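Me: Please take a close look at one part of this structure and explain it slowly. I am in my first year, so give the cut-off for each term where it comes up.

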Amino acid sequence: MKTLYTDASFDWTHTAQIEENFVRGKIAVSGEGIHVVEKVVIGKVPELRQYINILELIAIGRAIELASQKEWQDASLEIHTDSQVAMKWAQKGNMKDNVRTDAHTSALEYLNKARQLFGGTITYY
């Protein structure tokens, strides 16, 4: 059993003032000798202010991708996140249509591709 912890950060208080067509956040993955903090850029979606759950989902996908790079496919993978929303999306590999935007779809596609490449058992906490 391998265990990775994920987190994300995003300052939503300034989303409306951002003039660029993208927003910036950070993701972190830690555990089993992995300690990664990365900047992430997401295409800005009109009327969307909260990007944190998208970033949390990307962090989960990144954790799975890093596990694949470590060739842990024969091990079970536990991923711990503080986002119940992202955890549910990751478990289902999907989300409700009334929530979904292009940014959500891209994050889900990234997660699902990482899960497919990993191929092993993944449990979310």
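**A pair of strands and its surroundings**

Reply: Strand E1 (residues 2–9) and strand E4 (residues 77–81) run parallel and are paired through five bridges. Two strands count as paired if DSSP finds at least two bridges between them. Strands and helices are themselves DSSP runs, numbered from the N terminus: a strand is E with at least two residues, a helix is H or I with at least four. This is a predicted model, where local features need pLDDT of at least 70 and side-chain atom pairs count only at pLDDT 80 or more, while totals for chains, interfaces and linings use all residues. Residues are numbered from 1 along each chain as its sequence is written, and side-chain values use heavy atoms, with hydrogens and water left out.

Two of the bridges can be followed residue by residue. Leu 4 has Ile 79 of E4 as its bridge partner, and Tyr 5 has His 80 of E4. E4 is mostly covered, with four of its five residues buried. Buried means under 20% relative accessible area, exposed means over 50%, and partly exposed lies in between (1.4 Å probe, protein chains only).

Thr 6 is a useful residue to stop at in E1. With a relative accessibility of 7%, Thr 6 is buried. Leaving out residues up to four places away in sequence, Thr 6 touches ten residues named here: Ala 28, Val 29, Glu 56, Ala 59, Ile 60, Ala 63, Ile 79, His 80, Thr 81 and Asp 82. Touching, or contact, means heavy atoms within 4.5 Å. As a general point, side chains in a regular strand alternate between the two faces of the sheet.

Now the rest of the sheet. It is an open sheet of five strands in the order E3-E2-E1-E4-E5, and the pairing is mixed. Strand E3 (34–43) and strand E5 (122–124) are the edge strands; each has a single partner strand, so one side of each has no neighbour in the sheet. Direction ignored, neighbouring strands are turned by 25 degrees against each other on average. Helix H1 (residues 52–69) packs on this sheet, where H1 touches E1, strand E2 (22–31), E3, E4 and E5, and the direction of H1 makes about 150 degrees with that of E1. Such angles are taken between N-to-C directions of lines fitted to C-alpha atoms, for helices over the stretch in contact, and run from 0 to 180 degrees.

On one side of the sheet order, E2 and E3 run antiparallel and are joined by 10 bridges. Lys 26 has Lys 39 of E3 as its bridge partner. The hairpin of E2 and E3 has two residues between the strands, and in this hairpin Glu 32 takes a positive phi near 55 degrees. For comparison, most residues other than glycine have a negative phi. At the other end of the order, E4 and E5 run parallel, joined by three bridges. Leu 77 is matched with Ile 122 of E5 as its bridge partner.

Which residues of helix H2 (residues 84–92) are buried? They are Ala 86, Met 87, Trp 89 and Ala 90. These residues span an arc of only 165 degrees around the axis, which puts them on the same side of H2; the arc is that of the directions from the helix axis to the C-beta atoms. The buried residues of H2 pack against H1, E4, helix H3 (102–118) and E5. After H2 comes Gly 93, with a positive phi near 70 degrees.

Two loop residues are also worth finding. Glu 47 is in the loop between E3 and H1 and, although not a glycine, has a positive phi of about 75 degrees. Glu 47 is exposed, at a relative accessible area of 80%. Glu 71, in the loop between H1 and E4, is not a glycine either and has a positive phi of about 60 degrees. Its relative accessibility of 66% makes Glu 71 exposed.

Finally, the setting. The protein chain has three helices and five strands, in the pattern β-β-β-α-β-α-α-β along the sequence. Of its 125 residues, 44% are buried.
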